[in-house]
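Let's take a walk through this fold, one strand at a time. Have the viewer open and follow along.

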Amino acid sequence: MKEQLRDLARGVITQIELNERLMVETPFDNRVPVEVTGALTREGKQILLRFLARAVEDQSCSRCLGDTKFLYEIPYEEVVEIEQIETFDLSEVLRQELQLAAPMRVLCDEDCQGLCPHCGINLNEATCDCETEQIDPRLSALKRLLDE
Ligand SMILES: [Zn+2]
Ligand SMILES: [Zn+2]
């Protein structure tokens, strides 16, 4: 790609098609293959970088701890000055974009029931007989006082 970037900077070519698959480190310390499709296009004294990056990362659900997957789908558009193009590092751009796109928490399903806080059973797969009544901690303190 280095040579193509040089040609693009010199104006020998006006476009580089991006159809790449790069291994990139995710914010969760995994390395995943990222598919990149797009192009670098010379427009006057600047280069327009436009692509869509996609990657799938194995994750565990924040609620039930079950295996799930997170899909990164990142549209990207940036104008790069010609002088900067020879040092352009696609994998570094992707690494930063994955950081930004990373979720605070991953759920296997929006409706995931999680684990029972008492017995730890996976409530998506089974039910338990634990007390399910949710008592506000402030109210439970009051209740204790009243019970005494
Ligand atoms: Zn879950
Ligand atoms: Zn339970």
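## A sheet, a core and two domains

In strand 4, Val-56 has Leu-71 as its bridge partner. Right beside that in the numbering, Glu-57 finds its bridge partner in Phe-70, also in strand 4. Keep in mind that what's on the screen is a predicted model.

Those two bridges belong to a longer run: strand 3 and strand 4 (residues 67-81) are antiparallel and joined by 15 bridges. The two strands make a hairpin with six residues between them, and in that turn Leu-65 has a positive phi of about 65°.

On to the other neighbour of strand 3. Strand 2 also pairs with strand 3 in the antiparallel sense, here over nine bridges. One of the bridge pairs is Thr-37 with Leu-52, the latter sitting in strand 3. This hairpin has two residues between the strands, and Gly-44 takes a positive phi near 65°.

Here are the two hairpins side by side:

| Strands | Bridges | Residues between the strands | Residue with positive phi |
|---|---|---|---|
| Strand 2 and strand 3 | nine bridges | two residues | Gly-44, near 65° |
| Strand 3 and strand 4 | 15 bridges | six residues | Leu-65, about 65° |

Zooming out, four strands make up an open sheet with antiparallel pairing, in the order 1-2-3-4. Strand 1 and strand 4 are at the edges with a single partner strand each, so each has one side left without a neighbour in the sheet. On average, neighbouring strands in this sheet are turned by 15° against each other, ignoring direction.

What lies across the sheet's strands? Helix 2 does: it lies across strand 1, strand 2, strand 3 and strand 4, and it runs at about 60° to strand 1.

That brings us to the packing. The largest nonpolar core counts 13 residues, and Val-34, Ala-53 and Leu-94 have the most contacts inside it. Strand 2 (31-43), strand 3 (46-60) and helix 2 (90-101) are the elements that give two or more residues to this core. Strand 3 provides the largest share, five residues. Why would such residues gather at all? In soluble globular proteins, nonpolar side chains tend to be buried together.

Leu-94 is a handy place to look at that core. Setting aside neighbours within four places in sequence, Leu-94 is in contact with Leu-22, Val-24, Val-34 and Ala-53.

Now back to an edge of the sheet. Gln-15 belongs to strand 1 (residues 15-25). Is Gln-15 buried or partly exposed? Gln-15 counts as partly exposed because it has 14 C-beta neighbours inside 10 Å. Beyond its neighbours within four places in sequence, Gln-15 is in contact with Ala-39, Leu-40, Thr-41 and Arg-42. Thr-68, by contrast, lies 53 residues along the chain from Gln-15, and 38 Å separate their C-alpha atoms.

Finally, the overall layout. The chain splits into domain 1 (2-112) and domain 2 (113-148). The centres of the two domains, taken over C-alpha atoms, are 44 Å apart. How many residues are in contact between them? Four residues of domain 1 are in contact with five residues of domain 2. On the side of domain 1 that touches domain 2, the residues are three nonpolar and one charged, with no polar ones.

Technical notes. Residues numbered from 1 in each chain as written. Chains lettered and ligands numbered in written order. Predicted model: local features only at pLDDT ≥ 70, side-chain atom pairs only at ≥ 80, totals over all residues. Buried ≥ 20, exposed ≤ 12 C-beta atoms within 10 Å, placed from the backbone. Contact = placed C-beta atoms within 7 Å. Domains from an automatic or database assignment. Nonpolar A, V, L, I, M, F, W, Y, C, P; charged D, E, K, R; others polar. Core = buried A, V, L, I, M, F, W, Y, C linked by C-beta atoms within 7 Å. Pairing = 2+ DSSP bridges. Axes fitted to C-alpha atoms, helices over the stretch in contact; angles between N-to-C directions.
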